[in-house]
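Hello,

Here is the structure I promised to pass on. Please open it alongside these notes, which start with the sheet and end with the pocket.

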Amino acid sequence: MGRGFRAALLALLVLQLTGSAVQASTWDRIASYLRLLQRAGVKALVAPDCPLGLLGAFHEGKQALLMCGNNLPDDPAVVWVVLAHESAHVMQSCHGGNLMPAALLSSEVEVARQQDPNPFHELQLYHSSQHHVEAEARLIQALPAEQVVALFEKHCAKRLSP
């Protein structure tokens, strides 16, 4: 697991124990978002032994979001993208299904593919029944952090404890 990701988790623990704010940074944004996920009842876990190539996962039944510390670089930008992607699956769980209708998803994916086709190449690796949820997650991971947070608060509002 990267030192930075460990630092973000440590900052989260310190903040929970002391209630004091830490200096704003990208790692702090990650720690803040992890707190939001916890408020929605999602367990955030870091695994040191994921299969090669797996960066993260969400287990709906256990409401657990897993980040693969052994495969993630010590780069907050990469960690954020994976966290945003996996939290999109949390949003889908909160919402009870897809976040957008198929026609809107299709047009949004086409626009996104023109800007960066890479995230969508991997869709071929998934069963066709997973294409919609995975495409939504790829769209969400590309959004600015503030929009990801706003979407999470919108879709998981009923689960957020004060």
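β2 and β3 run antiparallel, joined by four bridges. One pair to look at is glycine 56, whose bridge partner in β3 is methionine 67. The hairpin of these two strands has four residues between them. Glutamine 63 takes a positive phi near 50° in that hairpin. Bear in mind that this is a predicted model.

On to the other pairing. β1 and β3 (residues 64-68) run parallel, with five bridges between them. Alanine 44 has leucine 65 of β3 as its bridge partner. Alanine 47 stands opposite cysteine 68, also in β3.

Put together, the three strands form an open sheet. The order is β1-β3-β2, and the pairing is mixed. β1 (43-47) and β2 (56-59) are the edge strands, each with a single partner, so one side of each has no neighbour in the sheet. The twist from one strand to the next averages 20°. How much of β3 is covered? Four of its five residues are buried.

Now the wider fold. The protein has seven helices as well as the three strands. Along the sequence the pattern reads α-α-β-β-β-α-α-α-α-α. Two helices therefore come before the strands and five after, by that same α/β pattern.

Some totals for the whole protein:

- Of the 162 residues, 41% are buried.
- Among contacts with a separation of 6 or more, 56% are between residues 24 or more positions apart.
- About 9000 Å² is exposed, and carbon and sulfur atoms supply 58% of that area.

Last, the largest pocket. About 610 Å³ of space lies in it. The lining of this pocket counts 27 residues. Which of them lie nearest the centre? They are His85, Glu86, His89, Tyr126 and Glu134. The elements that give two or more residues to the lining are β2, α3 (76-95), α5 (118-121) and α6 (131-141). α3 gives the most, with eight residues. β2 thus turns up twice in these notes: at an edge of the sheet and in the lining of the largest pocket.

When you go through the model, I would take the sheet before the pocket.

Best wishes

How values were computed:
Residues are numbered from 1 along each chain as its sequence is written. This is a predicted model: local features need pLDDT of at least 70, side-chain atom pairs count only at pLDDT 80 or more; totals for chains, interfaces and linings use all residues. Side-chain values use heavy atoms; hydrogens and water are left out. Buried means under 20% relative accessible area, exposed over 50%, partly exposed in between (1.4 Å probe, protein chains only). Contact means heavy atoms within 4.5 Å. Accessible areas come from the Shrake-Rupley method with a 1.4 Å probe; for residues, only the protein chains shown count as cover. Two strands pair if DSSP finds at least two bridges between them. Axes are lines fitted to C-alpha atoms, for helices over the stretch in contact, and angles run from 0 to 180 degrees between N-to-C directions. On a 1 Å grid over the protein atoms alone, a cavity is a set of points where a 1.4 Å probe fits but cannot get out, and a pocket is an open set with protein on both sides within 12 Å along at least five of seven lines; lining residues have an atom within 4 Å of a point. Grid points are joined across faces, edges and corners, and a volume is the space filled by probe spheres set on the points.
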